Amino acid sequence: MTTTLVPDEVRIDVPVSGAPRRGALSRLVARLGNGVVQLLLALVAIFWLVPVFGLLIASLRDESANTASGWWTVFTKPAELTLANYAELVANQAVWQSFLNTFYIAVPATILVVVMGSLASYALSWIEFPGRETLTVVVVGLLVMPIQVALIPVAKLFGAFGLFGTITGVVLFHVAFGLPFAIFLLRNFFAGIPRDLIEAARMDGATEWVIFKRVVLPVAKPAIASLTIFQFLWVWNDLLVALVFADQDSAPITVALRAQLRQFGTNIDLLATGAFLSMIVPLAVFLVFQKYFVQGVLAGSTK
């Protein structure tokens, strides 16, 4: 009996004595981690929301008020707030046309990049063909190519095909330079899908299209959503490409605001109004789908 009880007592006493220490340490680490995260979120909110709020207030003040004092003085003079700037901007047909042009450019460029990038990433991840690894390296290597290098050659090419100065030309340029990042992001995510899942679908007689549609896409929703948001924000906020390849009739909102700056100089009231209107759409997209950013990007970056 003695030799049997001693080991039992030892096995019982050791975990009981160590458990409270480990539990207290884990709780302490969790509290410290939560405190750091909350502090970082507070700093991000301050440095991100304050300029946005300042831009909104500046868009609601007239030119004389914005010239005389900063936007923060509105708390002592709330009577300065007015919607006249927005009424004037709504009446400006050129600005509204540029706002529509931004949609015409951003939406097709985003859809094409997501669709083509998804198909190419699946092929590079799960379809065996000669030169697959080499092609993957070449495509990913295009990420290091700066846009400025291709502006003049592509402009000459678009001029030869009659695409220079059109919305189609701007969309094609964004698609071409958006695909390398799309393939890089989605291929890393697709490669992390369990091979047994793909092989089981193939053994059941599913074609590659069926596997892509019914197996890969439902699993890859976070990565695809992240890519959609990134691409849409990049194209919506673009100035350089639109400035080079778009003419006056196809110019997006960023080019229109730049023209207003060149024309009116210090007319901060109209510029702030246009800038805030152009920021509403990407801001809404980010707030609605922000949960997919970290989930999708981290899933592909760890492969």
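How far apart in helix 8 are Arg-202 and Glu-199, counted in residues and in helical turns? They are three residues apart, which comes to about one helical turn. This is a predicted model, in which local features need pLDDT of at least 70, side-chain atom pairs count only at pLDDT 80 or more, and totals for chains, interfaces and linings use all residues. Residues are numbered from 1 along each chain as its sequence is written, and side-chain values use heavy atoms, with hydrogens and water left out.

**The overall picture**

- The protein chain has 14 helices and zero strands; helices (H or I, at least four residues) and strands (E, at least two) are DSSP runs, numbered from the N terminus.
- Read from the N terminus on, the elements go α-α-α-α-α-α-α-α-α-α-α-α-α-α.
- Of the 303 residues in the protein chain, 37% are buried. Buried means under 20% relative accessible area, exposed means over 50%, and partly exposed is in between (1.4 Å probe, protein chains only).
- Take the contacts between residues at least 6 apart in sequence: 74% of them join residues at least 24 apart. Contact here means heavy atoms within 4.5 Å.

**Salt bridges**

- Side chains of opposite charge can pair when their charged atoms come close.
- A salt bridge is a side-chain nitrogen of Lys or Arg within 4 Å of a carboxyl oxygen of Asp or Glu, and by this rule the count comes to five.
- Back to helix 8 and our opening pair: Arg-202 forms a salt bridge with Glu-199, with the closest N and O atoms 3.5 Å apart.
- Glu-199 also has a salt bridge with Arg-195, where the closest N and O atoms are 3.8 Å apart. Arg-195 and Glu-199 sit four residues apart in helix 8 (residues 195-203), so about one helical turn separates them.
- How open are these three residues to the outside? Arg-195 is partly exposed at 48% relative accessibility, Glu-199 is partly exposed at 30%, and Arg-202 is partly exposed at 26%.
- Zoom out a little and you find a network of salt bridges linking Arg-195, Glu-199, Arg-202 and Glu-208.
- Elsewhere, the side chains of Glu-128 and Arg-132 meet in a salt bridge (3.7 Å, N to O). Glu-128 is exposed, with a relative accessible area of 64%, whereas Arg-132 is buried, with 12%.

**How helices pack**

- Two packed helices are described by the angle between their axes and the distance between the axes. Axes are lines fitted to C-alpha atoms, for helices over the stretch in contact, and angles run from 0 to 180 degrees between N-to-C directions.
- Helix 7 (residues 167-191) packs against helix 10 (residues 221-236) at an angle of about 155 degrees, with the axes 10 Å apart. Helix 7 and helix 10 are therefore roughly antiparallel to each other. (Angles under 35 degrees count as roughly parallel, over 145 as roughly antiparallel, 65 to 115 as roughly perpendicular and the rest as oblique.)
- On the helix 7 side, the residues making this contact include His-174, Phe-181 and Leu-185, and helix 10 brings, among others, Leu-227, Phe-230 and Trp-234. The contact residues divide into 11 nonpolar, three polar and no charged. (Ala, Val, Leu, Ile, Met, Phe, Trp, Tyr, Cys and Pro count as nonpolar, Asp, Glu, Lys and Arg as charged, and the others, Gly among them, as polar.)
- The axes of helix 6 (residues 147-161) and helix 7 come within 12 Å and cross at roughly 140 degrees. That makes helix 6 oblique to helix 7.
- Among the residues in that contact are Leu-151, Val-154 and Phe-158 of helix 6, plus Leu-172 and Phe-177 of helix 7. The split here is eight nonpolar, one polar and no charged.

**Two residues to look up**

- Arg-61 is in the loop between helix 1 (2-59) and helix 2 (63-68), and Arg-61 is buried, at 0% relative accessibility. Leaving aside residues up to four places away in sequence, Arg-61 touches several others, including Trp-71, Glu-80, Asn-85 and Asp-269.
- Val-140 lies in helix 5 (residues 132-141) and is partly exposed at 24% relative accessibility. Val-140 and Pro-180 are 40 residues apart in sequence, yet their C-alpha atoms are 5.6 Å apart in space.
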